[in-house]
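Colleague: I should like to learn how to read the main features of a structural model. Could we proceed one feature at a time?

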Amino acid sequence: MSSSGSARTVDARLSGFATLPWRRIILVVLGATIAFVAVAGAYKTLTLPEGERYSGDFWIDQIVNGLGQGAILALIALGYTLVYGILRMINFAHGEVFMAGAFISFFFADAYLKSGFLDSNTYLALLILLVVSIAGSTLVAILLERIAYRPLRNAPRLVPLITAIGASLFIANAFRGFFGPQPYGYPLPTLLQGSIGIFGISVARVQLLVFVTAIVAMVALQLFVNRSRTGRSMRAVAEDSEIASLMGINVDRIVVITFIVGGILAGIAGLLFALTFQQVQFTMGFKPGIAAFTAAVLGGIGSIGGAALGGFVLGVLQAVGPPLLLTGFGIPSPFSLKDAFVFLVLILVLVFRPGGLLGSGEAEKV
Amino acid sequence: MKRRPWLTVIATVAALALVASACSNDDGGGDSGGGDTETAAADEFGTVEIAEGEPINIGSLLVISGADAALGQDSQNGAVLAADYLDGTFDGTDGQLLGHDIQWSHEDELCTAEGGQAGGTALSADPSIVAVIGTSCSSAALGVADTIMSEKGILLFSPSNTNPALTSEEAHQPFYARTAHNDRIQGAIVAEYALNEQGATKLATIHDESPYTQGLTAAAAVNFEAGDGTVTVQEQINSEDTDFKPLLRSIAEGDPDVLYAPVFVAACSLILKQAAEIMPDVTIMASDGCMSSDTLKNAGDAVDGVFLSSPDISVFQEGEFYSNEFIPAYEEQFGTEPTSVFHAHAFDATNVLFDAIEQVAVENDDGSLSIPRTALRDAVFATSGYEGLTGIITCTELGDCATDVTIGIFEGPNWPVEGGAKPDTPVYSDTKSLDDVL
């Protein structure tokens with residue numbers, strides 16, 4: 001064999017080497033490794049010796065709690081996704097829209113508790129609180145759009161993003177200025193205290209309320225977007241706002257309506273959150289806001305079904321993931337790693353499905 | 001010739017450096033030469049010179065804004081009252097120390113490490129500051145204000161830091177001391193109460209990564225295990241979270257008898273409510289960080305049967321001077337009842353400081369005052385048997401001046417704060433010294 005011949009072979013090998021689908025191979029190896037670690041962790045956790053092992057009830061309780069949390073996250077995530085679908089911007093102040101509803105309804109709830117109305121007419125009181133919370137969130141959302149975002153509609157994309165972060169800090173600190181930095185205890189009507197058994201599983205009443213309300217709100221949103229005339233206009237603006245405006249759709253009006261719908265959902269979420277945790281504080285919007293934004297991206301930002309799915313997946317992951325995958329490896333305090341865990345999952349989902357779980361990546365829908 | 005400019009530059013720099021070092025030597029010499037005594041000349045950190053008619057400048061570094069302002073403002077009031085009492089009466093006008101007025105420089109430490117850094121830097125940059133009363137929160141002192149002050153030789157005297165690390169062999173900074181109790185004692189009494197009074201054999205703890213909560217849970221766990229108890233798990237939370245149910249549910253798996261979660265108000269009320277739901281049979285304990293009117297309001301029924309540990313101020317409330325003179329003066333001058341328990345510790349710290357200044361300050365012939373920094377520190381650390389509002393104050397080499405500490409356990413809702421039920425006396429109380437505990 002001549003030396004030139006062997007060099008050619010190496011060349012050919014190299015070119016073959018270079019044409020291998022490396023991206024795919026790396027992804028598959030990465031995916032397999034992660035799947036192996038996850039399965040190994042879960043296996044080790046579930047086969048811990050008797051006495052150290054979590055009970056079956058433990059997992060059921062965690063899933064139920066995770067779904068309850070997820071329902072609230074899903075409602076907030078829908079607000080992110082709707083605005084993104086229409087304006088292609090992340091409304092980072094949406095967590096504060098959520099906080100505003102919960103905080104404003106607190107003053108009514110507190111008054112109703114003191115007058116006894118909360119327990120004597122629980123259903124009516126809850127309905128009024130819901131309306132107040134929705135009104136509070138919607139008002140903040142409208143003002144936000146009108147004052148902070150509309151003047152910047154045609155500015156480069158980074159400008160409204162920074163404005164949104166500024167607006168978020170402004171709203172939170174305005175509430176701090178008005179009502180002080182201390183947490184307020186939100187009253188829970190007697191009717192909602194305690195838990196009930198469903199198929200042998202004990203579910204807190206308030207969690208059941210959260211779950212049902214959230215599902216109803218999501219179905220209503222789906223019907224509104226798909227069936228109503230305004231909903232059709234929203235979809236048209238999301239598709240192409242310029243052409244939609246040529247077709248006679250008032251884009252400004254649709255944008256305001258989108259913020260209103262996001263505000264309504266945030267208001268519902270605010271009340272449900274306040275009832276679940278019975279505490280409101282001016283900082284309460286930040287963490288759920290970030291979590292819901294994560295949920296929206298996880299599900300596929302711009303997709304309504306994706307935001308809802310993302311919320312529930314995130315809620316359950318937060319409750320079940322850390323103990324399931326980390327305890328087996330002997331990692332102490334697994335729950336303190338839940339944020340790190342959630343973002344790891346987010347990154348992995350985005351590596352394998354850049355558009356999110358239900359997003360198509362390219363054509364974002366509302 | 002071409003190299004000449006370089007030589008000039010180098011020569012100039014060298015000359016400047018020489019001059020600069022000579023100058024700084026002169027400065028040092030000038031300082032010590034200014035004081036007319038040998039003590040002052042020998043002091044490593046120099047002396048504070050106060051001209052005739054000038055005030056003695058004392059710093060305060062407490063949390064005086066935000067959610068924890070009640071804690072720091074209360075201490076600040078206590079310190080200010082000590083200056084008022086220099087003339088032997090609480091009359092609203094400050095007395096004088098060695099013929100000089102007291103001037104306060106109040107800084108805010110925000111109850112964070114960042115706040116301790118900013119406020120500490122501001123105070124240490126002022127050469128007229130003799131000493132600083134602070135900080136309120138351990139997080140503002142530990143590795144931050146205590147280090148900044150010690151580097152400049154300024155005494156930092158805390159009325160309310162309780163974290164054990166601050167006065168530990170490893171971390172103690174030479175110019176740091178405190179009149180607040182060391183949480184090694186509070187943690188030990190929590191463990192003792194859980195073991196002996198609750199008959200607990202299994203303990204779980206939660207901290208929020210802050211020095212205060214870590215110190216308490218670690219001390220409680222060590223002493224609980226020393227009493228033949230089992231610590232099922234030592235968990236940590238992020239204090240900004242709201243949903244602690246997954247964590248509490250996993251703690252419940254270990255089936256503890258007592259859950260000790262000495263976290264701050266917002267997280268504490270959430271944990272009390274969620275624990276009442278998830279583990280109704282477990283006794284919940286917490287500490288003074290949770291003891292607030294806000295917790296009582298927010299947690300509602302969930303505070304019933306929750307045991308909080310806190311310095312037992314009923315011990316010094318019985319004192320004649322405290323209840324007949326100090327508290328009426330406090331209420332008259334600040335228009336409120338004390339909002340925390342550390343006003344008395346601040347009053348004591350400030351008085352110990354004033355005594356130490358009187359001991360070491362040199363009154364010069366021209367009416368000026370020289371206060372050598374190291375000697376001042378040594379005088380404070382040498383305090384022994386001083387009778388303060390909070391009891392007998394004797395400082396150890398590591399800066400712990402509250403040696404015998406009485407900790408009470410208070411059962412909710414009978415907590416000694418605004419809005420608590422009466423009687424607000426402790427259900428258990430014990431006095432220990434640092435030598436008694438692990």
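Modeller: We shall go from the overall picture of one chain to its helices, and then to single residues of another chain. Please keep in mind that this is a predicted model.

Colleague: Let us begin with the overall picture. How many helices and strands does the secondary structure of chain A come to?

Modeller: Chain A has 14 helices and four strands. Along the principal axes, its C-alpha atoms fill a box of roughly 100 × 70 × 40 Å. Of the 366 residues in chain A, 44% are buried. Contacts can also be sorted by separation in sequence: among those in chain A with a separation of 6 or more, 79% join residues 24 or more positions apart.

Colleague: Which residues have the most contacts inside the largest nonpolar core?

Modeller: A nonpolar core links buried nonpolar residues through their C-beta atoms. The largest one here has 223 residues, and A:Ala74 and A:Leu75 have the most contacts inside it. Helix 3 of chain A gives the most to this core, with 16 residues. Leaving aside residues up to four places away in sequence, A:Leu75 touches A:Ala214, A:Ala217, A:Leu265, A:Ile268 and A:Ala269.

Colleague: Now to a single helix. How does the reach of helix 12 of chain A relate to the value expected at 1.5 Å a residue?

Modeller: One sets the distance between the end C-alpha atoms beside the expected span. Helix 12 of chain A covers residues 286–299, which is 14 residues. From first C-alpha to last it reaches 20 Å, close to the 20 Å expected. Just after this helix, A:Gly300 takes a positive phi of about 115°.

Colleague: How many residues of helix 12 of chain A are buried, and what covers them?

Modeller: A residue counts as buried if 20 or more other C-beta atoms lie within 10 Å of its own. By that criterion helix 12 of chain A is mostly covered, with 11 of its 14 residues buried. Among them are A:Pro288, A:Gly289, A:Phe293, A:Thr294, A:Val297 and A:Leu298. The cover includes helix 3 (56–87), helix 4 (94–115), helix 11 (251–277), helix 13 (304–326) and helix 14 (338–352) of chain A.

Colleague: Helix 3 appears again in that list. At what angle do the axes of helix 3 and helix 12 of chain A cross?

Modeller: A pair of helices is described by the approach of the axes, their angle and the hand of the crossing. The axes of helix 3 and helix 12 of chain A come within 8 Å and cross at roughly 70°. Angles of 65 to 115 degrees count as roughly perpendicular, so helix 3 and helix 12 of chain A are assigned to that class. Helix 3 passes helix 12 in a right-handed crossing. On the side of helix 3 of chain A, the contact is made by A:Leu73, A:Ala74, A:Ile76, A:Ala77, A:Tyr80 and A:Thr81. Helix 12 of chain A contributes residues including A:Pro288, A:Gly289, A:Phe293 and A:Ala296.

Colleague: Are helix 4 and helix 7 of chain A roughly parallel or roughly perpendicular to each other?

Modeller: Their axes come within 8 Å and cross at roughly 25°. Helix 4 and helix 7 of chain A are therefore roughly parallel, and their crossing is left-handed. The contact involves A:Gly95, A:Glu96, A:Met99, A:Ala100 and A:Phe103 of helix 4 of chain A, and A:Ser168, A:Ile171, A:Ala172, A:Phe175 and A:Phe179 of helix 7 of chain A.

Colleague: Let us turn to chain B. Is B:Gly199 buried or exposed?

Modeller: One counts the surrounding C-beta atoms; 12 or fewer within 10 Å means exposed. B:Gly199 has 10 other C-beta atoms within 10 Å, so B:Gly199 is exposed. This residue is found in the loop between helix 6 (183–197) and strand 7 (202–207) of chain B.

Colleague: Why does B:Ser210 count as buried?

Modeller: B:Ser210 counts as buried because 22 C-beta neighbours lie inside 10 Å. B:Ser210 is also in a loop, between strand 7 and helix 7 (211–226) of chain B. B:Ser210 and B:Ser239 are 29 residues apart along the chain, and their C-alpha atoms are separated by 9.1 Å.

Colleague: Which residues does B:Pro311 touch?

Modeller: B:Pro311 lies in strand 11 (residues 307–311) of chain B. With 24 C-beta neighbours inside 10 Å, B:Pro311 counts as buried. Residues up to four places away in sequence aside, B:Pro311 touches B:His181, B:Val341, B:Val405, B:Thr406 and B:Ile407.

Terms used:
Residues are numbered from 1 along each chain as its sequence is written. Chains are lettered from A and ligands numbered from 1 in the order in which they are written. This is a predicted model: local features need pLDDT of at least 70, side-chain atom pairs count only at pLDDT 80 or more; totals for chains, interfaces and linings use all residues. Helices (H or I, at least four residues) and strands (E, at least two) are DSSP runs, numbered from the N terminus. The expected span of a helix is 1.5 Å times one less than its number of residues. Two residues are in contact if their C-beta atoms, placed from the backbone, lie within 7 Å. A nonpolar core is a set of buried Ala, Val, Leu, Ile, Met, Phe, Trp, Tyr and Cys residues joined through C-beta atoms within 7 Å. Axes are lines fitted to C-alpha atoms, for helices over the stretch in contact, and angles run from 0 to 180 degrees between N-to-C directions. Angles under 35 degrees count as roughly parallel, over 145 as roughly antiparallel, 65 to 115 as roughly perpendicular and the rest as oblique. A crossing is left-handed if the near helix is turned anticlockwise from the far one by less than a right angle, and right-handed if clockwise.
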